[in-house]
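Here's a quick briefing on where the ligand goes and what empty space the protein leaves. Have the viewer open while you read.

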Amino acid sequence: MKLKFVLASALLAIGASAFAQPVVIKFSHVVAADTPKGKASEFFAKKAAELTKGAVKVEVYANSALYKDKEEMEALQIGSVQMLAPSLAKFGPLGVKEFESFDFPFMFDDFAELHKVTQGPVGAALLAKLEPKGIKGLAYWDNGFKSFSANFSIKAPADLKGKKLRIQSSKVLEEQIRSIGGIPQVMAFSEVYQALQTGVVDGTENPISNFYTQKMHEVQKHLTLTNHGYLGYAVIVNKKFWDGLAAPVRTQLEQAMKEATVYANKIAQEENDMSLEGVKKSGKTTVYAPTKEERDAFKKAMAPVHTKMADRVGKETLQMFYKETGFNPN
Ligand code: LMR
């Protein structure tokens, strides 16, 4: 009798697991699949399936297929998507203004300086500030350093005077454009190509990977490698969803995210380098590498942004960034 019962329970358990539906994580993002973020999200999806043995299925939606920039953040908060990797510039409008510290011009000389923030206690403290918004921050993923493009050559800040330049929705970036006499135009990423093509804006700033994979080289004749600011991501999840996962599954997903983060930050520079080669090979955009003096002129023109916008992100946060990066605002 007892044996029969054990056998029946075992069969039931096998049957139930055979029919159990996987937990679905919709991971939405706005860039192309062949970018650092696109590739890292696919890597995460594969790892998650592997480590959870199929109990979790991550569906990646690239190129704003589900939502545009602003909408995706709202969709995450209400739980229509579970995971995103918005650029750090997109947390200001959510009310977590400290993230705009990443947008200060010339804040980081290289990835090593950046990682002192993103992979250290300052980065972790910033992610914790998302929790009251119903968001759990899991990791930072790199993209790269931004350069200016337009249909005219850009060698000095004065070349951008009076020009309409598309930026992300960050107050610090608005001030950065004003510091060189430009007119900031906030616009969703998915709309930039057309805005450049039709002349709604005169130019923009991007890491080369975004510039190339959105085919902006088709509609921009000049790209100057100013590398004047950083663009990267925070991978975030709906907190209620995350906390509701079975603990072992969450641990497996944390491991998958850890591995995806190593991968993301390893390929970011390579992807940007390959994109630069692609732009050059296209023959459609003239790529200009500014001299040290020319680049310094941008740095000097943008320096007042650091004092003007200190209150926006909070002086203490900015000081913590300076301490990590060694940036001297004076
Ligand atoms: C942008 O809007 O320019 C970026 O945030 C796009 C991205 O996700 O890299």
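**Ligand site and voids**

An oxygen atom of the ligand is 2.8 Å from an N or O atom in the side chain of R166. Taken alone, the ligand exposes 270 Å², and the protein buries 100% of that. Keep in mind that this is a predicted model. The ligand sits in the largest cavity, and the largest pocket is covered further down.

**Around the ligand**

- Which residues surround the ligand? Going up in number, they are V30, V31, K37, D69, S87, K90, R166, Q168, F189, N210, L231 and Y233.
- Sorted by class, that shell has five nonpolar, three polar and four charged residues.
- K37 has a polar side-chain atom 2.7 Å from an oxygen atom of the ligand.
- S87 also puts a polar side-chain atom by a ligand oxygen, with 3.3 Å between the two.

**The cavity**

- How many cavities of 30 Å³ or more does the structure hold? There is one.
- The largest cavity has about 80 Å³ of space in it.
- Its lining is made of 13 residues, and K90, Q168, F189, N210 and L231 are the closest to its centre.
- Two elements, β7 (203–206) and β8 (222–238), give two or more residues each to the lining of this cavity.
- By class, the lining of the largest cavity splits into five nonpolar, four polar and four charged residues.
- K90, Q168, F189, N210 and L231 turn up again in the set that surrounds the ligand, which fits with the ligand sitting in the largest cavity.

**The pocket**

- What volume does the largest pocket have? It comes to about 300 Å³.
- The largest pocket is lined by 16 residues, and those nearest its centre are L127, G137, L138, A139 and Y140.
- Three elements each supply at least two residues of that lining: α5 (121–128), β4 (135–150) and α10 (247–282).
- Which element gives the largest share of the pocket lining? That would be β4, with five residues.
- As for chemistry, the lining of the largest pocket has seven nonpolar, five polar and four charged residues.

Terms used: Residues numbered from 1 in each chain as written. Predicted model: local features only at pLDDT ≥ 70, side-chain atom pairs only at ≥ 80, totals over all residues. Heavy atoms only, no water. Near = heavy atom within 4 Å. Polar contact = N/O pair within 3.5 Å; in protein donor to acceptor, adjacent residues only side chain to side chain. Areas by Shrake-Rupley, 256 points an atom, 1.4 Å probe, with all protein chains shown as cover. 1 Å grid on protein atoms, 1.4 Å probe; cavity = no way out; pocket = protein on both sides within 12 Å on 5 of 7 lines; lining within 4 Å. Sits in = over half its atoms within 2 Å of the grid points. Nonpolar A, V, L, I, M, F, W, Y, C, P; charged D, E, K, R; others polar. Points joined across faces, edges and corners; volume = space filled by probe spheres on them. Helix = DSSP H or I, 4+ residues; strand = E, 2+ residues; numbered from the N terminus.
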